[in-house]
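Here are a few exercises to work through with the model open beside you. Try each task before reading on to its solution.

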Amino acid sequence: NILHAAKGIKAFTAIVRDPNRLNEVFALREVLGTEERLAAPTSPTGAAAFAAKRRLSVDLDALRRLPAGTLGCVFADFLKENQLDPGAIPRLEAATDVDYFSAHLYETHDLWHVLTGFGVDVAGELGLQAFYATQFPGGLPLIILAAGFFNTLLLGADDHEARIAEISRGFALGREAKLLFGIAWGDHWGRPLADVRAELDFLPHGRVGIDVRAVSRFADGRVGIDVRAVSRFADGR
């Protein structure tokens, strides 16, 4: 379908110009199909989410009244700091599993920024896409990352080190984390963010630790480290 292909090319080009264009990301996903959703039912959380189809409800005033450090309070502060309005996000239809998958990811995108610790700059958006790529098997996050590399080459060469670092962190973080899709986040607003992150098996801000069993020494005296043994802790070192 020529019109379908043209829509995809238009969306990809727009993302190359600005990887923060979330609306174009979802336009591209519509063109590519919905194979990403197949990952979600493999977990009890994902299967339950498709059965219940709960939507994310954000009451900023209520979230701001929560204690400091809770998921809801941190999320409200994040939205304010970055001048993001959850009410501006279109509420997509969610009658079918396919539609619900798109709607849920659309609604929770900013919340995933908070959970993973990625910023809203280009480096942070690409890092979050790398995280998505480990959570779902579809090709959309990889295509967005490809668009991000084109953007880096053409417009953001000065920022390439930060972007590559965040993409690497996204892949590493996503491999360790539990599946985030379908979690009823409204049940967790009042919980400390640190507890929620720990329960999901990741701490996005932290020091790098190395399993000493992964350290080996070569014949010429150099030390080698298995990068799969690198983990990240909470104090930034």
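**Exercise 1. The two sides of helix 3**

Work out which residues of helix 3 are buried and which are exposed on the other side.

Solution. Keep in mind that this is a predicted model.

- Step 1. Begin with the exposed side, where you will find Pro 44 and Ala 51.
- Step 2. Now turn the helix over: Gly 46, Ala 49 and Phe 50 are its buried residues.
- Step 3. These buried residues span an arc of only 95° around the axis, so they sit on the same side of helix 3.
- Step 4. Look for what lies over them: helix 6 is included in the cover of the buried residues of helix 3.
- Step 5. Finally, step just past the end of helix 3, where Lys 53 has a positive phi of about 50°.

**Exercise 2. A network of charges**

Find the residues that salt bridges with shared partners join into one network, and describe where they are.

Solution. A general reminder helps here: oppositely charged side chains can pair when their charged atoms come close.

- Step 1. Start at Glu 107, which makes a salt bridge with Arg 55; their closest N and O atoms are 2.5 Å apart.
- Step 2. Place the two residues. Glu 107 belongs to helix 6 (residues 97-116), while Arg 55 is in the loop between helix 3 (44-52) and helix 4 (60-64), so this pair links distant parts of the chain, 52 residues apart.
- Step 3. Look for another partner of Glu 107. Arg 91 meets Glu 107 in a salt bridge at 3.4 Å, N to O. Arg 91 is in the loop between helix 5 (71-81) and helix 6, 16 residues away from Glu 107.
- Step 4. Put the pairs together: Arg 55, Arg 91 and Glu 107 form one network.
- Step 5. Check the accessibility of each member. Glu 107 is buried, at 9% relative accessibility. Arg 55 is partly exposed at 26%, and Arg 91 is exposed at 54%.

**Exercise 3. A pair within one helix**

Explain why Arg 64 and Asp 61 are separated by about one helical turn, and say how exposed they are.

Solution.

- Step 1. Arg 64 and Asp 61 form a salt bridge, with 3.3 Å between the closest N and O atoms.
- Step 2. Both are in helix 4, three residues apart, and therefore about one helical turn separates them.
- Step 3. The general rule is that an α-helix has 3.6 residues a turn, so residues three or four places apart point the same way.
- Step 4. Arg 64 is partly exposed at 41% relative accessibility, and Asp 61 is partly exposed as well, at 47%.
- Step 5. For the wider tally, the count of salt bridges comes to eight.

**Exercise 4. The nonpolar cores**

Which helix gives the most residues to the largest nonpolar core, and which members touch the most others?

Solution.

- Step 1. The largest nonpolar core has 36 residues, and Trp 112, Leu 115, Phe 131, Phe 181 and Trp 185 touch the most other members.
- Step 2. Next, trace the sources: helix 3, helix 4, helix 5, helix 6, helix 7 (122-135) and helix 10 (193-199) each supply at least two residues.
- Step 3. Helix 6 gives the most, with eight residues.
- Step 4. Zoom in on Phe 131. Leaving out residues up to four places away in sequence, its contacts include Trp 112, Phe 118, Phe 171, Leu 180 and Phe 202.
- Step 5. Another core, of nine residues, lies apart from the largest; Ile 15, Val 16, Val 25 and Leu 140 are among its members.

**Exercise 5. The surface and the whole chain**

Find the residues that make a nonpolar surface patch of about 480 Å², then step back to the whole protein.

Solution.

- Step 1. The patch is made by Phe 150, Leu 153, Leu 154 and Leu 155.
- Step 2. Leu 155 is in the loop between helix 8 (140-154) and helix 9 (160-176), and counts as exposed at 63% relative accessibility.
- Step 3. The protein as a whole exposes about 12600 Å², of which carbon and sulfur atoms supply 57%.
- Step 4. Buried residues make up 44% of the 237 in the protein.
- Step 5. The secondary structure comes to ten helices and four strands.
- Step 6. Among contacts between residues at least 6 apart in sequence, 66% join residues at least 24 apart.

How values were computed
Residues numbered from 1 in each chain as written. Predicted model: local features only at pLDDT ≥ 70, side-chain atom pairs only at ≥ 80, totals over all residues. Heavy atoms only, no water. Salt bridge = Lys/Arg side-chain N within 4 Å of Asp/Glu carboxyl O. Buried < 20%, exposed > 50% of the residue type's maximum accessible area, 1.4 Å probe, protein only. Arc of directions from axis to C-beta. Contact = heavy atoms within 4.5 Å. Core = buried A, V, L, I, M, F, W, Y, C linked by side-chain atoms within 4.5 Å. Areas by Shrake-Rupley, 256 points an atom, 1.4 Å probe, with all protein chains shown as cover. Patch = residues over 30% accessible without salt bridge, like charges linked within 9 Å, V, L, I, M, F, W, Y side chains within 5 Å.
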